[in-house]
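Trainee: I would like to take a close look at one part of this structure and learn how to read it. Could you walk me through the salt bridges, please?

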Amino acid sequence: MTTPPALLIAGHGTRDDAGAEAFRDFVRRLGARHPELPVAGGFIELSPPPLGEAVTELVEQGVRRFAAVPLMLVSAGHAKGDIPAALAREKERHPGISYTYGRPLGPHPALLNVLERRLDEALGSAGRTPGDRADVTVLLVGRGSTDPDANAEVHKAARLLWEGRGYAGVETAFVSLAAPDVPSGLDRCVRLGARRIVVLPYFLFTGILPDRVRHQTEGWAAAHPEVEVLSADVIGPEPELLDLVWERYEEAVKGDLRMNCDSCVYRIALPGFEDKVGMPQQPHFHPDDDDHHHGHGHHHGAHSHAH
């Protein structure tokens with residue numbers, strides 16, 4: 001029987017000791033869940049152990065093949081450039097090893113469900129019932145990047161979180177490198193008519209940046225006593241996150257890096273769209289576009305087949 005490839009988890013890194021330990025603890029938990037294969041984890045920057053040390057740890061255990069999964073919500077510079085470059089360097093340092101590289105984690109329905117739970121917890125702490133959402137505006141706050149594609153992924157997560165869950169709206173802000181910042185995002189919510197806002201950090205673990213989100217939220221709330229503002233918690237090492245990292249590992253091992261099917265209504269039961277799961281895809285015509293003659297229906301057929 002062929003030995004399965006090891007699992008290497010790649011993290012951002014943080015100057016926050018509790019955040020770094022949360023990552024290391026997550027790696028230990030995943031290893032305990034899957035004793036059948038070596039599991040190691042390392043950081044790109046700021047925190048020990050570095051990614052190269054984690055690769056060396058695997059090699060010293062006799063590992064020759066591994067799958068690397070970025071423990072990151074969006075595909076920004078780290079996932080697109082830094083991790084592949086680091087892995088290429090490790091391949092030169094350890095001749096004979098081979099690896100596959102998995103996808104970032106978000107915006108996956110399992111994570112959206114955890115975010116929804118964090119919102120319910122925040123509302124519950126303020127004496128609100130989870131079903132009481134019609135006057136709740138959510139401000140989803142991402143890390144922020146100089147990569148517009150990464151910032152767009154946060155907007156996609158916000159839209160998917162809004163769909164079918166009954167919130168008044170889900171707006172987006174960023175804590176670094178991208179606009180709008182948290183105070184500007186809160187200002188925007190108010191201009192849109194919000195009177196009750198939950199600020200939801202789009203982060204996996206605690207750290208400097210999630211702390212900054214909460215601090216900026218509290219500062220803004222103190223200056224706007226007429227608006228109810230609540231802070232929700234980060235995603236954390238939930239069972240859904242453990243399951244999702246394993247799903248990304250299996251995709252990488254099988255070479256099954258599909259087109260975006262995580263949030264496809266024909267594959268996943270999203271809130272309010274459950275009836276679409278498994279529905280056959282038919283070629284269709286866009287009546288508003290007289291010049292629309294390319295084979296769009298063929299694309300949808302391929303999409304359905306990929307599932």
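Mentor: Happy to, and after the salt bridges we will take a short look at one helix. Keep in mind as we go that this is a predicted model.

Let's begin with the total: the count comes to 24 salt bridges. A few of them will show you how to read such a pair.

Take Asp-120 and Arg-133 to start with. They form a salt bridge in which the closest N and O atoms are 3.1 Å apart. Asp-120 belongs to helix α4 (residues 109-125), while Arg-133 sits in the loop between α4 and β5, so this pair ties together parts that are 13 residues apart in sequence. Arg-133 is also buried, with a relative accessible area of 10%.

Now look at Arg-128 and Asp-135, whose side chains meet in a salt bridge at 2.9 Å, N to O. What about the surroundings of each partner? Arg-128 counts as buried, at 16% relative accessibility, for the cut-off for buried is under 20%. Asp-135, with a relative accessible area of 36%, is partly exposed.

Next comes a pair inside a single helix. The side chains of Arg-248 and Glu-251 meet in a salt bridge of 3.2 Å, N to O. These two residues are three apart in helix α8 (residues 239-254), so about one helical turn separates them. Check their accessibility too: Arg-248 is buried, with a relative accessible area of 0%, and Glu-251 is buried as well, at 4%.

Salt bridges can also join up into a group. Here Glu-21, Arg-24, Asp-25, Arg-28 and Arg-29 are linked in a network of them. Try finding those five residues on the model and following the links from one to another.

Finally, the helix I promised you: α6, residues 182-191. Which of its residues are buried? They are Val-182, Gly-185, Leu-186 and Cys-189. If you look down the axis of α6, its buried residues fall within an arc of 100°, so they line one face of the helix. And what do they pack against? Their partners are the strands β5 (137-142), β6 (169-174), β7 (196-201) and β8 (228-231), together with helix α7 (208-223). After α6 comes Gly-193, which has a positive phi, near 100°.

Terms used
Residues are numbered from 1 along each chain as its sequence is written. This is a predicted model: local features need pLDDT of at least 70, side-chain atom pairs count only at pLDDT 80 or more; totals for chains, interfaces and linings use all residues. Side-chain values use heavy atoms; hydrogens and water are left out. Buried means under 20% relative accessible area, exposed over 50%, partly exposed in between (1.4 Å probe, protein chains only). Helices (H or I, at least four residues) and strands (E, at least two) are DSSP runs, numbered from the N terminus. The arc is that of the directions from the helix axis to the C-beta atoms. Contact means heavy atoms within 4.5 Å. A salt bridge is a side-chain nitrogen of Lys or Arg within 4 Å of a carboxyl oxygen of Asp or Glu.
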